[in-house]
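Please look over the structure shown below before reading on. A trainee and a mentor then discuss it.

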Amino acid sequence: MFTFFNKKISGPLPKAFCVHLLTIELYNKRKEKIEKVGIHVRRIIFVRHGQSEWNALNQFTGWVDVDLTDIGMKEAHEAGRKLKEAGIELDLAFTSVLKRAIKTCHIVLEDSEQLWVPEVKTWRLNERHYGALQGLNKKETADKYGIQQVQEWRRSYDILPPLLTPDDPHSALNDRRYAQLQKRVVPMGEDLKRTLARVIPLWEDQIAPAVLDGKTVLVAAHGNSLRALAKYMEEISDDEIMKLEIPTGQPLVYELTEELDVIKKYYL
Ligand SMILES: O=C(O)[C@H](O)COP(=O)(O)O
């Protein structure tokens, strides 16, 4: 037996609870606060890019700028349609500097008839840099190093993948789009902790102020940059974050209080 919005409920959890991570207790506390203050709900919509060419080949991708597949394009169109159907009116969009996310962002905006919405492209939303694993097949890498090692590289919070060396031809130091960054900021490989460290300034300086200002924001990015942002917004523990997976092309709506506490989240 538990209470939800002042109602006593027994039996299995309502379906809505299965789609977000907040505890009932936390949910009720936030609900009380909402009722007291009478807040205006803020919204952020996450979309992970549609299937990429290297998703399809099961290759570690990271900062490699691969394109969407036809399936990925369809997923992005579907996401745009869902936003339109849900009547979500965006004010601002954020995306990475990688084409799979940028194209997804544009398709979503266009199909929801909001291509005019101002957008910010930033390296801070790039996929986690997979270091020397980039370009390797995930299954073959697991056969070579063991499933557990590969799972640690993929999902642990603070275990770095094998790093690139700065003189590696694939280093992002050779890529003009990162030329404005200080050399020591350009990663040779990242875990989720380091990904989060470069996502937080974007959240604090641009996303959060926009949402606080009442803007509905789209964040079209990558599996791990979105996991990092979700960890920060929802205060997910280092252990729990290992279990969070964000599927490609599925719009994920966060409803937030005016203080940016998460009220609920759900996929469209
Ligand atoms: O960069 C990649 O390889 C993927 O987009 C995300 O991969 P992951 O699920 O192994 O983190």
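The dialogue that follows concerns a predicted model.

Trainee: How many of the seven residues of strand 3 are buried?
Mentor: Strand 3 spans residues 42–48 and is mostly covered. A residue counts as buried when its relative accessible area is under 20%. The number of buried residues in strand 3 is six.

Trainee: In what sense, parallel or antiparallel, does strand 3 pair with strand 7?
Mentor: Strand 7 covers residues 252–256, and five bridges link it with strand 3. Within strand 7, glutamate 255 stands opposite arginine 43. The sense of the pairing between strand 3 and strand 7 is antiparallel.

Trainee: Which residue of strand 6 is the bridge partner of isoleucine 45?
Mentor: Strand 6, residues 217–221, pairs with strand 3 in the parallel sense over five bridges. Isoleucine 45 has its bridge partner in strand 6, namely leucine 218.

Trainee: Which element supplies the largest share of the largest nonpolar core?
Mentor: This core has 32 residues, and those touching the most other members are Ile44, Phe46, Ile207, Val219, Met233 and Tyr254. At least two residues each come from strand 3, strand 4, helix 7, strand 6, helix 8 and strand 7. The largest share, nine residues, is supplied by helix 7.

Trainee: Which residues of helix 7 or strand 3 does valine 219 contact, and how many residues does the other core have?
Mentor: Leaving aside neighbours within four places in sequence, the contacts of valine 219 include Ile44, Ile45, Phe46, Val47 and Ile207. Apart from the largest core lies another, with Leu83, Leu90, Val117 and Val253 among its members. The number of residues in that other core is 14.

Trainee: What percentage of the ligand's accessible area does the protein cover?
Mentor: Residues surrounding the ligand include Arg48, Glu127, Tyr130 and Lys138. A polar side-chain atom of arginine 154 lies 2.6 Å from a ligand oxygen atom, and one of asparagine 224 lies 2.8 Å from a ligand oxygen atom. On its own the ligand has 310 Å² of accessible area, and the share of it covered by the protein is 96%.

Trainee: Why does glycine 135 count as partly exposed?
Mentor: Glycine 135 is found in the loop between strand 5 and helix 5. Not counting residues up to four places away in sequence, glycine 135 touches Trp54, Gln59 and Phe60. Partly exposed residues lie between the cut-offs of 20% and 50%. Glycine 135 counts as partly exposed because its relative accessibility is 29%.

Technical notes. Residues are numbered from 1 along each chain as its sequence is written. This is a predicted model: local features need pLDDT of at least 70, side-chain atom pairs count only at pLDDT 80 or more; totals for chains, interfaces and linings use all residues. Side-chain values use heavy atoms; hydrogens and water are left out. Buried means under 20% relative accessible area, exposed over 50%, partly exposed in between (1.4 Å probe, protein chains only). Helices (H or I, at least four residues) and strands (E, at least two) are DSSP runs, numbered from the N terminus. Two strands pair if DSSP finds at least two bridges between them. A nonpolar core is a set of buried Ala, Val, Leu, Ile, Met, Phe, Trp, Tyr and Cys residues joined through side-chain atoms within 4.5 Å. Contact means heavy atoms within 4.5 Å. A residue is near a molecule or strand if one of its heavy atoms lies within 4 Å of it. A polar contact is a pair of N or O atoms within 3.5 Å; within protein, one must be able to donate a hydrogen and the other to accept it, and residues adjacent in sequence count only if both atoms are side-chain atoms. Accessible areas come from the Shrake-Rupley method with a 1.4 Å probe; for residues, only the protein chains shown count as cover.
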